[in-house]
Amino acid sequence: MEFDLKTIEALAPDQASLSAASKLTKQSNWPRLEKNEQLALIWGECQGSGSNPYRVVVDTGDHGYKCTCPSRKFPCKHTLALMWIAATTPAGFAAAGSTPEWVNDWLGRRRKTTSQPVEPTQGAGGKSIGEVLRDESADIEDAAAVERREAAQRKRAEDTRSSVSAALDELDQWIADQLRLGLAGFVDNSSDRCRRIAARLVDMKATALAGRIDEIPSRLMGLRSEERPDAAIRELGKLVLLAKAWRSAPDDPELRRLVSTSEGREQVLANPDATQVESVWEVLGEKIESRRDGLVSHSTWLLDLNSATSQFALLLDYFPASAGRRSNAFTPGDRFDARLVFYPARQPLRALVADRKGDVPSGDWPDFSLGASDTLAAHVARQDAAPWVTDCPVMLPPGAILLDDRGAAWWQAAGDPHGIALPIADTVNPTLLGLDLKATAALWNGSRLELLAAQSGFGRLDLS
């Protein structure tokens, strides 16, 4: 079952259908969930308001579907919900001993054969002539089906590109309107303004970009009031650069991932050009955020312990908030030997664990030869390559955490009281204040640090 939430978002007819589907992903709504992996089918029965449940079947190969509900939206919320469950909790589908008759009826209408009954005369290879003709007919039908499916995929891609291009035109006009009306007004009303344009972008298939814009208000509200106008300019400027980059290379996988939809896990693993790194990885920390679109983003940050320089990896997952908190596959401080496959990007960061071989004993971090003068060198390099990036992982040199006169926490480089200092986003445990830190892993968004972990004389410190 090769589904991911970005693909489901792309198939959804509108945001309302997607929101309605998210409310149907609880297993209690589905008294029956089954699959047939050989036929690439999943099906289920969703209990509605009536006495009879709606019957839903989905072909996971070509994304064909059928639901018995009377909805005029295609796919309907029940179909989207079934796909959503397949993407988030595939273990919820039981292997079917037999295919229900209503599923077979649907298959028969989708895959009609044209062979006629033929006398069982013996043919080449020990097969009857009828069997040979049926095989040839099936081959012709399969070839035609593949051609139709590929043509439909090309048509969907062209339609999506045209729709996204129009969405970016609307985004440019929206940004111009915010600047014309004044940044103070934008900051004060960012929630409503961002929600309206985000909903419009979802309808026009720019779903990933819509999700990013929807999160701008929370990023602004996390700053002091005097910092918000500058942060708003920075956020809007990154959107302009991202839109301009997409127009110049709409087929670029990184840009397509940030603007419209992301490739699935199997596509990344099968990509021969994807960067692969086999190493020992340490789990630095995680970041779990509830989004305004009803999803929860779960980021897990890893550090490559065999790299001469501090190399990071990001494992990113999304799941519906209605599903509740899920058990974590990783714990901060864990070390394991694994092969990671990175999503194609100018500076690859997001990755998938392709092969996890085993746990590794804990210990100190290697010496990354960090210098105070190059504290944000990784951030600068990433911004040069992809200026639309927001959070950037950095490894800070020796330093300490201090408080200023206002009680705000700062990271201060060691050895120079007037040297570089970076503000910290969250509150800090008082026991960490003034402690000598040999190295600190954090996320830098251009205005604030989010601490992940640090190495001190007392060993590893979990700061996330």
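Reader: How do E16 and strand E17 pair, parallel or antiparallel?
Author: They pair in the antiparallel sense, over four bridges. E17 covers residues 459–462. Keep in mind that this is a predicted model.

Reader: OK, and how many residues sit between E16 and E17 in their hairpin?
Author: Two residues lie between them. For a concrete pair, take Gln455: its bridge partner in E17 is Arg460.

Reader: What about strand E15, how does that one run against E16?
Author: E15, residues 437–444, runs antiparallel to E16, and seven bridges join them. One pairing you can look up is Ala441 with Ala453, the latter being in E16.

Reader: Which residue in the hairpin of E15 and E16 has a positive phi?
Author: That's Gly446, with a phi near 100°. This hairpin has four residues between the strands.

Reader: Why is E16 described as largely enclosed?
Author: Because seven of its eight residues are buried, strand E16 (residues 449–456) is largely enclosed by the rest of the structure.

Reader: Remind me, what holds strands in a sheet together in general?
Author: Strands pair through backbone hydrogen bonds, and they can do it in a parallel or an antiparallel way.

Reader: Changing topic: what's the strand order in the open sheet of five strands?
Author: The order is E4-E3-E2-E1-E5, and the pairing is mixed. At the edges are strand E4 (65–67) and strand E5 (94–95), each of which pairs on one side only.

Reader: And E1 with E5, parallel or antiparallel?
Author: Parallel, with two bridges joining E5 to strand E1, residues 32–36. Within that pairing, Glu34 has Ala94 of E5 as its bridge partner.

Reader: Let's go to the inside. How many residues are in the largest nonpolar core?
Author: It has 34 residues, and the ones with the most contacts inside it are Trp174, Leu209 and Ile213. Several helices each supply at least two of its residues, among them helix H5 (129–181), helix H8 (207–214) and helix H11 (253–259).

Reader: Which helix gives the most to this core?
Author: H10 does, with eight residues. As for domains, the core draws at least three residues from each of domain 2 (143–259) and domain 4 (377–462).

Reader: You mentioned Leu209. What is it in contact with, beyond its neighbours in sequence?
Author: Setting aside residues within four places in sequence, Leu209 contacts Leu168, Leu171, Leu201, Leu239, Leu242, Leu258 and Val259.

Reader: Tell me about Leu168 then: buried or exposed?
Author: Leu168 counts as buried, because its relative accessibility is 0%. Leu168 is part of helix H5. Not counting residues up to four places away in sequence, it touches Leu209, Ala243, Trp246, Arg247 and Val259.

Reader: How far apart are Leu168 and Trp246?
Author: They are 78 residues apart in sequence, and their C-alpha atoms are 9.1 Å apart in space.

Reader: H10 came up too. Is Ala231 buried or exposed?
Author: Ala231 lies in helix H10, and with a relative accessible area of 4% it is buried. Leaving out residues up to four places away in sequence, Ala231 touches Leu220 and Leu223. Its C-alpha atom is 9.6 Å from that of Ile216, 15 residues away along the chain.

Reader: What's in the second core?
Author: That one is separate and has 26 residues, including Val56, Leu82, Trp84 and Tyr318.

Reader: What does UniProt annotate at residues 54–87?
Author: The record, an unreviewed entry, gives "domain: SWIM-type" for that span. In the model, residues 54–87 are 32% helix and 26% strand, and the end C-alpha atoms lie 20 Å apart.

Reader: And His78, what does it touch?
Author: Apart from residues up to four places away in sequence, His78 touches Leu24, Trp30, Cys46, Tyr54, Val56, Cys67 and Cys69. His78 lies in helix H3 (residues 77–88) and is buried, with a relative accessible area of 7%.

Reader: Last one, zooming out: how many helices and strands does the protein have?
Author: It comes to 13 helices and 17 strands. Of the 464 residues, 44% are buried. The protein exposes about 23,200 Å², with carbon and sulfur atoms supplying 50% of that. Among contacts with a separation of 6 or more, 61% are between residues 24 or more positions apart.

Methods. Residues numbered from 1 in each chain as written. Predicted model: local features only at pLDDT ≥ 70, side-chain atom pairs only at ≥ 80, totals over all residues. Heavy atoms only, no water. Core = buried A, V, L, I, M, F, W, Y, C linked by side-chain atoms within 4.5 Å. Buried < 20%, exposed > 50% of the residue type's maximum accessible area, 1.4 Å probe, protein only. Domains from an automatic or database assignment. Contact = heavy atoms within 4.5 Å. Pairing = 2+ DSSP bridges. Areas by Shrake-Rupley, 256 points an atom, 1.4 Å probe, with all protein chains shown as cover. UniProt positions renumbered as here; feature names shortened; annotations may be inferred.
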